[in-house]
Amino acid sequence: MRRFVAALAAAVAVTLYPVAAGAQTYPERTITVVVPFAAGGPTDTVTRLVAEAMSKDLGQQVIVENVGGAGGTLGAGRVAKAEPDGYTLLLHHIGMATSATLYRKLAYDTLNAFEYVGLVTEVPMTIVGRKDLEPADLKGLVEYAKANKDSVTVANAGIGAASHLCGMLFMSAIKTPLVTVPYKGTGPAMTDLLGGQVDIMCDQTTNTTKQIQGGTIKAYAVTSPERLDVLPDVPTTTEVGLPDVQISIWHGLYAPKGTPAEITERLSKSLQVALKDENVAARFAELGTRPSPQADATPAALKAKLENEIARWKPIIEAAGQYAD
Ligand code: MLT
């Protein structure tokens, strides 16, 4: 009798509150998180740390697939048209907001092609140079760049990428356009900076801190309002006279449009667990960043952030009139 009542209650519940197919037992297999930049770079580093912790919580493998190119829009496009079943996700950053205006022929409608899981972290940036670059400080770098503007090269990860935005802020602050060299991510760009093939890069601390601490690249400034504990000797852009070059790179986790709310809620819970994970917090701290607050690791917080950031960057980009296509 009791089993009959339980079965009846379950049947009634399903009728009254239909749970999307597969949501009840999600996840049942490996989840892929697309990183829209090359392996070994800052977004890849952040994603692999979070994926490992989420994998523990969800009881299924969470693997990373790197789909670099076009400032992150190729990877985002891949997820926009993926099956909305919770098994293909996207971890992207501020580039999600800037590309919505920079690319007039995007293969997806940024505000209507994704469901939201939550914010992950917000990473400061650093202005760095190859080890043997002549200038010892930012003042010297600015003079050097102005004197050699046709030959000084600035690496970035494509139009709309964080390194592109920061590079643009730097060049407009010194009123000197320099030669930009695009890569599929700042992972491969760092390899060329270490090898002396490019001169300057503005990149996230998650990719530069270890190199700066190891003395393999030169650090000129951090783009955060305050100095960073992990880089105490590196001045802020404000300290060295470029207060307009302030930027930090927020990152969010997304799913394809139509992914059931039960699944994005489950993923949001798992993201919150991952951001409380000791290893994630320790590694983030070593790399000059920290996990987003629990309250921000939610669909609503990410949705609001993306909408606000698209609105913030749109007039700036339109005023510059520089589009990717
Ligand atoms: C990367 O992971 O390569 C970066 O996030 C690229 C960028 O936006 O600069």
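# A guided look at cores, salt bridges and packed helices

E309 and R312 both sit in helix α11, 3 residues apart, which is about one turn of the helix. Their side chains form a salt bridge, with the closest N and O atoms 2.9 Å apart. Keep in mind as you explore that this is a predicted model. From this pair we can move on to other salt bridges, then to the nonpolar cores, one helix pair and one strand residue.

**The E309 and R312 pair**

- Is E309 buried or exposed? E309 is buried, because its relative accessible area is 8% and buried means under 20%.
- Its partner R312 has 42% relative accessibility, so R312 counts as partly exposed.

**Other salt bridges**

- The count of salt bridges comes to 18.
- R130, D132 and D199 are joined into one network by salt bridges that share partners.
- K210 and E286 form a salt bridge through their side chains, at 3.8 Å from N to O.
- Which parts does this pair tie together? K210 belongs to helix α8 (residues 205-214) and E286 to helix α10 (residues 278-286), so the bridge links parts that are 76 residues apart in sequence.
- K210 counts as partly exposed, at 43% relative accessibility, and E286 counts as partly exposed too, at 34%.
- K149 pairs with D150 in a salt bridge, and their closest N and O atoms are 3.8 Å apart.
- With 38% relative accessibility, K149 is partly exposed, whereas D150, at 66%, is exposed.

**The nonpolar cores**

- In soluble globular proteins, nonpolar side chains tend to be buried together.
- The largest nonpolar core here has 47 residues, and the members that touch the most other members are F114, I127, L138, F170 and Y254.
- Which helix gives the most to this core? Helix α11 (residues 299-320) does, with 6 residues.
- F114 is a good residue to click on: leaving aside neighbours within four places in sequence, its contacts include A76, V79, A80, L90 and M96.
- Further along the sequence, F114 is also in contact with residues including Y254, A255, P256 and K257.
- There is a second, separate core of 32 residues, and A23, V35, V64 and L271 are among them.

**Helices α7 and α8 side by side**

- Two packed helices are described by the angle between their axes and the distance between the axes.
- Helix α7 (residues 186-194) packs with α8 at an angle of about 25°, and the axes are 11 Å apart.
- Why is this pair called roughly parallel? The angle is about 25°, and angles under 35 degrees count as roughly parallel, so α7 is roughly parallel to α8.
- The two helices make a right-handed crossing.
- Where do they meet? T186, G187, M190 and L194 in α7 meet N207, T208 and Q211 in α8.

**V34 in strand β1**

- V34 is found in strand β1 (residues 31-35).
- Its relative accessible area is 1%, so V34 is buried.
- Not counting residues up to four places away in sequence, V34 touches E65, V67, G75, R78, V79, T88, L89, L90 and L91.
- How far apart are V34 and A261 in space? The C-alpha atoms of V34 and A261 are 20 Å apart, and the two residues are 227 apart in sequence.

Methods
Residues numbered from 1 in each chain as written. Predicted model: local features only at pLDDT ≥ 70, side-chain atom pairs only at ≥ 80, totals over all residues. Heavy atoms only, no water. Core = buried A, V, L, I, M, F, W, Y, C linked by side-chain atoms within 4.5 Å. Buried < 20%, exposed > 50% of the residue type's maximum accessible area, 1.4 Å probe, protein only. Helix = DSSP H or I, 4+ residues; strand = E, 2+ residues; numbered from the N terminus. Contact = heavy atoms within 4.5 Å. Salt bridge = Lys/Arg side-chain N within 4 Å of Asp/Glu carboxyl O. Axes fitted to C-alpha atoms, helices over the stretch in contact; angles between N-to-C directions. Parallel < 35°, antiparallel > 145°, perpendicular 65-115°, else oblique. Left-handed = near helix turned anticlockwise from the far one by under 90°.
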